[in-house]
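Please read the following walk through the structure alongside the sequence and the model.

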Amino acid sequence: LGCADLEFAFLLDANLSDADLDFANLTNAVLFIANLVGANLTGADLSGADLRNADLSGANLTGANLTSADLSDADLSGASLTGANLTSADLSDADLSGASLNGANLTSADLSDADLSDADLSDASLNGADLSGADLSGADLSGANLFLANLYGVRSGGIVGIPNALP
């Protein structure tokens, strides 16, 4: 399914575990409660997609476009989001524990109450992101940009590295 055009696809509760969807067009697709465990979504366009409650644990989303995607309550534990564009994405209450977000763009993203424990956020852009109530315990923030980020109520024990910019 690599490079597939699935724009506006309705894939509610779909089982796409371990699927190869690299560079697929999933713009505005509905993947609500979909199983994408271990899926390869390298370079995929998921802008505006509905991924609420989806299971993307261990998925490869390196370089994916998730601009304005709804990933609220999604499981992204252990996922690779290196270099992904998550500008204005909704990741509220999402599980990103152990995820790699190295160099990811999370500008204006909603990460309120998200679990980012042990996540790699090195060199990530979190400009204007809402991290209120998020768990950053053990996260790597080396070189991260947190300018104008909302850090109210963040749990931060054991953070690694020094961010480039703070609010």
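Thr107 touches Leu86, Thr87, Ser88, Ser125 and Asn127, leaving out residues up to four places away in sequence; contact here means heavy atoms within 4.5 Å. The model is a predicted one, in which local features need pLDDT of at least 70 and side-chain atom pairs count only at pLDDT 80 or more, while totals for chains, interfaces and linings use all residues. Residues are numbered from 1 along each chain as its sequence is written, and side-chain values use heavy atoms, with hydrogens and water left out.

The side chain of Thr107 also takes part in polar contacts. A polar contact is a pair of N or O atoms within 3.5 Å; within protein, one atom must be able to donate a hydrogen and the other to accept it, and residues adjacent in sequence count only if both atoms are side-chain atoms. One such contact runs from the Thr107 side chain to that of Asn105, at 2.6 Å. Another, at 3.3 Å, reaches the side chain of Ser125. Thr107 counts as partly exposed because its relative accessibility is 21%, where buried means under 20% relative accessible area, exposed over 50% and partly exposed in between (1.4 Å probe, protein chains only).

Ser117 can be read in the same way. Its side chain and that of Asp115 are joined by a polar contact of 2.7 Å. Not counting residues up to four places away in sequence, Ser117 touches Leu96, Ser97, Gly98, Asp135 and Ser137. Is Ser117 buried or exposed? Its relative accessibility is 13%, so Ser117 counts as buried.

Leu96, one of the residues that Ser117 touches, leads into the nonpolar interior. In soluble globular proteins, nonpolar side chains tend to be buried together. A nonpolar core is a set of buried Ala, Val, Leu, Ile, Met, Phe, Trp, Tyr and Cys residues joined through side-chain atoms within 4.5 Å. The largest such core holds 56 residues, and those touching the most other members are Leu86, Leu96, Leu101, Leu106 and Leu111. Setting aside neighbours within four places in sequence, Leu96 is in contact with Leu76, Ser77, Leu81, Leu91, Leu101, Leu111, Ala114, Asp115, Leu116, Ser117 and Ala119.

Leu111 has a relative accessible area of 2% and is therefore buried. Beyond four places in sequence, the residues that Leu111 touches include Leu91, Leu96, Leu106, Leu116 and Leu126. The C-alpha atoms of Leu111 and Leu91 are separated by 4.9 Å, although these residues lie 20 residues apart along the chain.

Leu41 is buried as well, because its relative accessible area is 1%. Apart from neighbours within four places in sequence, Leu41 is in contact with Leu21, Asp22, Leu26, Leu56, Asn60, Leu61 and Ala64. From Leu41 to Thr107 the C-alpha separation is 21 Å, across 66 residues in sequence. From Leu41 to Asp95 it is 18 Å, with their positions 54 residues apart along the chain.

Charged side chains come next. How many salt bridges does a search of the whole structure find? It finds 2, a salt bridge being a side-chain nitrogen of Lys or Arg within 4 Å of a carboxyl oxygen of Asp or Glu. Arg52 meets Asp50 at 2.7 Å, N to O, and Arg52 meets Asp70 at 3.9 Å, N to O. Asp50, Arg52 and Asp70 are thus linked in a network of salt bridges. Asp50 is buried because its relative accessible area is 15%. Arg52 counts as partly exposed because its relative accessibility is 31%, and Asp70 is likewise partly exposed, at 22%. Asp50 is also in contact with Ala29, Val30, Leu31 and Phe32, among others. The C-alpha atoms of Asp50 and Phe10 are 9.6 Å apart, and the two residues are 40 residues apart along the chain.

Phe10 belongs to a nonpolar surface patch with Leu12 and Ile33, which together have about 300 Å² of accessible area. Patches are made of residues with over 30% relative accessible area and no salt bridge, with like charges joined within 9 Å and nonpolar side chains (Val, Leu, Ile, Met, Phe, Trp, Tyr) within 5 Å. Accessible areas come from the Shrake-Rupley method with a 1.4 Å probe, and for residues only the protein chains shown count as cover. Ile33 is partly exposed, since its relative accessible area is 34%.

Two backbone positions remain. Phe23, which is not a glycine, has a positive phi near 60°, and at 51% relative accessibility Phe23 counts as exposed. Asn53 also has a positive phi, of about 60°, without being a glycine; at 38% relative accessibility, Asn53 counts as partly exposed.
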